Amino acid sequence: MLAITVLLLNRKRLSAKALADRFEVSTKTIYRDIEALSLAGIPIVAHQGTTGGFEIMEQFTISRQFLALDELLSMLAAVQGIRTAFDDQSVSNLLEKVKTMLQPTERELLEHGGAPLTFDFNPWGQSASARARVQALRTAIGERRKVTFRYTNLGGAGTERTVEPVGLILKGYLWYLHAYCTLRGEFRVFRLSRVRELRVTEDRFEPRPVPSLDSYSWQPEWSEPGALDVVLTFRPEVRDRVEDTFPTEQAERLPDGSIRIRGSYPANEWFYGWMLSFGDKVRIDEPAFMARELKDRAQKIVAQYTEL
């Protein structure tokens, strides 16, 4: 019956059949449980018709006594994680409100025992300017103001954009902006690390129907055009970095401790810069033209220091 109450609070109206299917009981059992909840003081309203069902009056909430300590600590960790992402007084206020739900003994246990779960959405080394961009975009979203910026793609080419921002996305450790792009005439997702010269304008915009973010789930055909099958061999000294970077299914441990990676990657500036960051600890085995290109780039670097 507690589970029924929580479902009705979170999902508004549900039919007896939907509840019966959810809990694998008969509708007769659901009606009996609904009656018991009503007698217990839970304000459940029944609606008739094809769109009918049960729902709880809007003003009703459940008290903290229904939350276990580990559930409450998970809520606390989530709110603390949000606060690490950007400076916002409303988030700080929310954190204080959640803390008030802890009993004194629980609060003391947390202070002395440490947090069992921590979320930190502010990567080590992130500059203050990155957080300032996020804060500026939150303001633009809230006030429905257009934003202009210069956007750079993987190849280094930049375009001037004017967008109508609708949301910020934190995916892993990277921030993205969900916005309607006036240049492309459609909603796009922009990676904030490629945004330059960001400016919130005075121009306001009217909200448009926003596509679900589910429509942006990864599709293989979205890979960089021209991705090729690449074979890389990394020396044992960078094993930890390689294992942290590449998917497990791409890796093969060799008898001498080296790691061989087989995957599909584009022959672009991003890839060659990535390989150069490993110095002499990586070798491109295949394809040969990518190995030659990396060699040429390394030789150009050496040529800049011939006078030393």
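The legends below accompany several close-up views of a predicted model.

**View 1. Overview of the predicted model and its confidence.** The protein has 308 residues, of which 29% count as buried, and its secondary structure comprises 10 helices and 11 strands. Among contacts with a separation of 6 or more, 55% are made by residues that lie 24 or more positions apart. The mean pLDDT of the protein is 80, with 78% of the residues at 70 or more. Among the elements, β11 has the highest mean pLDDT, 94, whereas helix α6 (residues 104-113) has the lowest, 66. The pLDDT falls below 50 over residues 218-224, a stretch that has seven contacts in the model beyond its near neighbours in sequence.

**View 2. The five-stranded open sheet.** Five strands with antiparallel pairing follow one another in the order β6-β5-β4-β3-β7 to form an open sheet. Its edge strands, each of which pairs on one side only, are β6 (186-191) and β7 (195-204). On average, and with direction ignored, neighbouring strands of this sheet are turned by 45° against each other. Within the sheet, strand β3 (residues 145-152) and strand β4 (residues 158-171) run antiparallel and are joined by six bridges, and Y151 has T159 of β4 as its bridge partner.

**View 3. The surroundings of L198 in β7.** L198 is found in strand β7, which is one of the edge strands of the five-stranded sheet. Leaving aside residues up to four places away in sequence, L198 touches R133, A136, L137, V147, T148 and F149. One of these residues, T148, is 50 residues from L198 in sequence, yet the two C-alpha atoms are 5.9 Å apart in space. L198 has a relative accessible area of 23%, and because buried means under 20%, this residue is classed as partly exposed.

**View 4. The four-stranded open sheet.** A second view shows an open sheet of four strands in the order β9-β10-β8-β11, with antiparallel pairing. The strands at its edges, each pairing on one side only, are β9 (251-253) and β11. Here neighbouring strands are turned by 25° against each other on average, direction ignored. Strand β8 pairs in the antiparallel sense with β10 over seven bridges and, likewise in the antiparallel sense, with β11 over four bridges. In the pairing with β10, F234 stands opposite I259, while L232 stands opposite I284 in β11. Strand β8 is mostly covered, in that five of its seven residues are buried.

**View 5. The largest nonpolar core.** This core has 18 residues, among which L232, F234, V242, F246, F271, M275 and F278 touch the most other members. Two or more residues are given to the core by each of β8 (228-234), β10 (259-265), α9 (269-276), β11 (282-286) and α10 (288-303), and the largest share, four residues, comes from α9. In soluble globular proteins, nonpolar side chains tend to be buried together. The contacts of L232, not counting residues up to four places away in sequence, are with F246, I259, R260, I261, F271, M275, V282, R283, I284 and D285. Of these partners, F246, F271 and M275 are themselves listed among the core residues that touch the most other members.

**View 6. Helices α9 and α10 against the sheet and against each other.** Helix α9 lies across β8, β10 and β11 and runs at about 10° to β8, whereas helix α10 lies across β8 and β11 and runs at about 150° to β11. The two helices, α9 and α10, also pack against each other at an angle of about 65°, their axes being 11 Å apart, and their crossing is right-handed. On the α9 side the contact is made by E269, F271, Y272, M275 and L276, and on the α10 side by F289, M290, E293, L294, R297, A298 and I301. Two of these α9 residues, F271 and M275, are also among the contacts of L232.

Note on methods: Residues are numbered from 1 along each chain as its sequence is written. Side-chain values use heavy atoms; hydrogens and water are left out. A nonpolar core is a set of buried Ala, Val, Leu, Ile, Met, Phe, Trp, Tyr and Cys residues joined through side-chain atoms within 4.5 Å. Buried means under 20% relative accessible area, exposed over 50%, partly exposed in between (1.4 Å probe, protein chains only). Contact means heavy atoms within 4.5 Å. Two strands pair if DSSP finds at least two bridges between them. Axes are lines fitted to C-alpha atoms, for helices over the stretch in contact, and angles run from 0 to 180 degrees between N-to-C directions. pLDDT is the predictor's confidence in each residue, from 0 to 100. A crossing is left-handed if the near helix is turned anticlockwise from the far one by less than a right angle, and right-handed if clockwise.
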